[in-house]
Every structure is written in C-alpha cells, then in structure tokens.
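Trainee: Please take a close look at one pocket for me. Then follow whatever connects from there to the aromatic rings and the packing around a buried residue.

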Amino acid sequence: MNIALLTAGGSGNRMGQEIPKQFMCIDNKPIIIYTLQAFQISQDIDAIAIVCIKGWEIFLNAYAKQFNITKLKWIFEGAETNQDSIKNGILGLREAGCSEEDIILVHDGVRPLVSSEIISRNIEICEKYGYAVTGLMCKEAIMERVEDNVHEISIPRERLVRTQTPHTYRLGTLLNAHIEAEQLHIANTVASCTLFALLGVKEQHLVLGSEKNGLKLTKPEDVELFKALIHSDPEIWIK
C-alpha cells in the first residue's frame with residue numbers, strides 16, 4: 001500500500017490563535033481538510049493516517065465525514081515533538097497490520113498545496129531508490145545568520161535545497177530509523193530527512209517540489225498567501 005502519514009500534532013503557537021492552526025477554517029473549510037483532499041484525490045494513495053493533537057480527534061473525524069475523506073483509516077495521538085509524533089504514527093501503522101514494505105509519505109498537515117504529481121513522483125522514486133525527499137533548489141542568495149549579522153557561506157546556492165514534504169520511505173525503513181535514533185539519543189529532529197542524515201544516510205533522492213507546496217501555514221501572513229493562491233486563476237498565455 002501507499003499510505004500518507006500527515007502530521008497534525010502541533011499546537012501552532014506561531015499562528016497566535018486560540019485553536020490549533022490545522023483546524024483553523026479558511027473559506028469554511030479547516031486547513032487539515034485541504035491537505036487531506038490533496039491525498040484523497042490522488043489515484044496513487046491507498047490510505048491516509050494522521051497524527052493528531054490530543055483532544056481534537058473527534059473534530060478530525062467529524063470533518064473527515066463532512067468532507068467525504070474516505071481514505072482516512074487511522075488517527076494516532078501526537079507527541080511533544082515532530083520526531084516523536086512521526087514515531088507514534090509509524091508504530092501505530094505497524095500495530096494496525098501494515099506491511100514493512102508499504103510506502104509511507106510523511107507530510108505536514110499544514111502544507112495543503114501538494115500536487116498529485118509530487119505525490120506520484122515521491123512514490124515512484126521511493127520504489128526505485130528507497131528514499132524520496134521533496135524540495136527545491138534555492139533561487140535566493142543564502143547567507144548565515146550570526147547574532148544580528150549575516151555571513152557568507154561557501155556552498156553555492158545551486159547546491160542548496162529547500163526541503164518540503166512529503167518525505168517518503170518504506171515503513172520498515174522508517175521504523176528502523178526511529179529505533180536507531182532512540183538508541184543513539186537523537187531527538188527533536190525537525191524532519192524525517194534530517195533524521196536519516198544524522199543516522200548516516202548520504203543519499204536521499206530528490207523529488208522536485210513547487211513554490212505552492214513550499215507554503216506551510218505557520219504564521220498569519222501565510223493564510224493570506226494561501227487564500228490568494230486558491231482563488232487565483234492561471235493566466236491563459238502561460239504554457
């Protein structure tokens with residue numbers, strides 16, 4: 001099976017609202033539903049699991065029924081960190097009887113503009129190489145922040161990648177990585193790709209993402225950008 005594992009276990013403090021950001025409504029639809037719908041319509045996704053902030057599972061179930069998210073099969077409890085939330089999800093999938101050969105696409109629940117093409121390409125690359133990480137090469141001039149100053153870095157920007165999600169691995173690979181990380185006391189990594197890098201995996205194959213998929217709704221201004229994007233029509237002259 002190809003399974004999307006969405007992370008929605010955070011409280012979203014940077015958004016500054018009274019409810020978790022993944023449950024904020026935009027045009028009368030929760031952000032998490034936009035993300036769920038992206039995987040619901042993908043012909044390559046067989047099932048969806050979510051790691052959800054504790055106490056919000058009943059709302060998630062209700063919204064999923066309201067918006068006909070039929071692929072949502074499992075809801076697991078989130079943890080204090082992203083790394084531990086993902087671990088809860090993969091342990092839950094194993095206990096639910098999923099195969100270690102199943103392909104798991106780990107995706108941010110508040111990154112709603114992932115395309116079917118990116119999803120399909122992640123699966124294809126993971127099937128071929130065992131790893132897939134979505135990202136884009138940097139267009140900006142990248143510098144290092146040192147206190148209140150910026151310093152030049154020696155890596156050419158053409159070699160730098162702004163990672164997005166999904167990050168895609170087989171269930172057994174993910175599970176073994178989290179077990180090894182616990183043994184080595186590696187904790188609180190920001191993403192699965194950085195966890196694997198810390199474990200010594202040198203090559204995680206790149207799937208080209210998009211500027212739209214780069215939008216992760218974490219601050220109030222991201223909401224305005226998201227609204228502008230979902231209400232925009234492509235120019236007819238663009239090929």
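Mentor: First, the classes for the lining: Ala, Val, Leu, Ile, Met, Phe, Trp, Tyr, Cys and Pro count as nonpolar, Asp, Glu, Lys and Arg as charged, and the others, Gly among them, as polar. The model is predicted. The pocket to look at is the second largest, with a volume of about 320 Å³. Its lining has 13 residues, and the closest to its centre are V161, T163, K202, E203 and Q204. Strand β10 (161–170) and helix α6 each give two or more residues to that lining. The lining divides into eight nonpolar, two polar and three charged residues. By these classes V161 is nonpolar, K202 and E203 are charged, and T163 and Q204 are polar.

Now stay with helix α6, which covers residues 192–198 and holds F196. F196 is buried, because its relative accessibility is 3% and the cut-off is under 20%. The ring of F196 pairs with that of Y131. Their centres are 5.7 Å apart and their planes meet at 80°, so the pair is edge-to-face. Y131 lies in strand β7 (residues 131–137), 65 residues from F196, and the pair links distant parts of the chain.

The count of aromatic pairs comes to six. Another of them is W56 with F59: 4.9 Å centre to centre, 40° between the planes, tilted. Why tilted? Because 40° is neither under 30 degrees, for stacked, nor over 60, for edge-to-face. F59 is partly exposed, at 40% relative accessible area. That value falls between the cut-offs of 20% and 50%. Ring pairs join W56 and F59 with F23 in a cluster.

F23 leads on to I32, since the two are in contact. I32 sits in helix α1 (residues 31–40). At 1% relative accessibility, I32 is buried. What does I32 touch, leaving aside its neighbours within four places in sequence? Its contacts are L6, A8, Q22, F23, I50, L60 and G109. For a spacing to check, take I32 and Q17: they are 15 residues apart in sequence and 16 Å apart in space, C-alpha to C-alpha.

One more ring deserves a look. The charged end of K29 sits over the ring of Y34, 4.5 Å from the ring centre. The distance cut-off for that call is 6 Å.

Technical notes:
Residues numbered from 1 in each chain as written. Predicted model: local features only at pLDDT ≥ 70, side-chain atom pairs only at ≥ 80, totals over all residues. Heavy atoms only, no water. Phe/Tyr/Trp six-rings, centres within 6.5 Å; stacked < 30°, edge-to-face > 60°. Buried < 20%, exposed > 50% of the residue type's maximum accessible area, 1.4 Å probe, protein only. Helix = DSSP H or I, 4+ residues; strand = E, 2+ residues; numbered from the N terminus. Lys NZ or Arg CZ within 6 Å of the ring centre and 35° of its normal. 1 Å grid on protein atoms, 1.4 Å probe; cavity = no way out; pocket = protein on both sides within 12 Å on 5 of 7 lines; lining within 4 Å. Points joined across faces, edges and corners; volume = space filled by probe spheres on them. Contact = heavy atoms within 4.5 Å.
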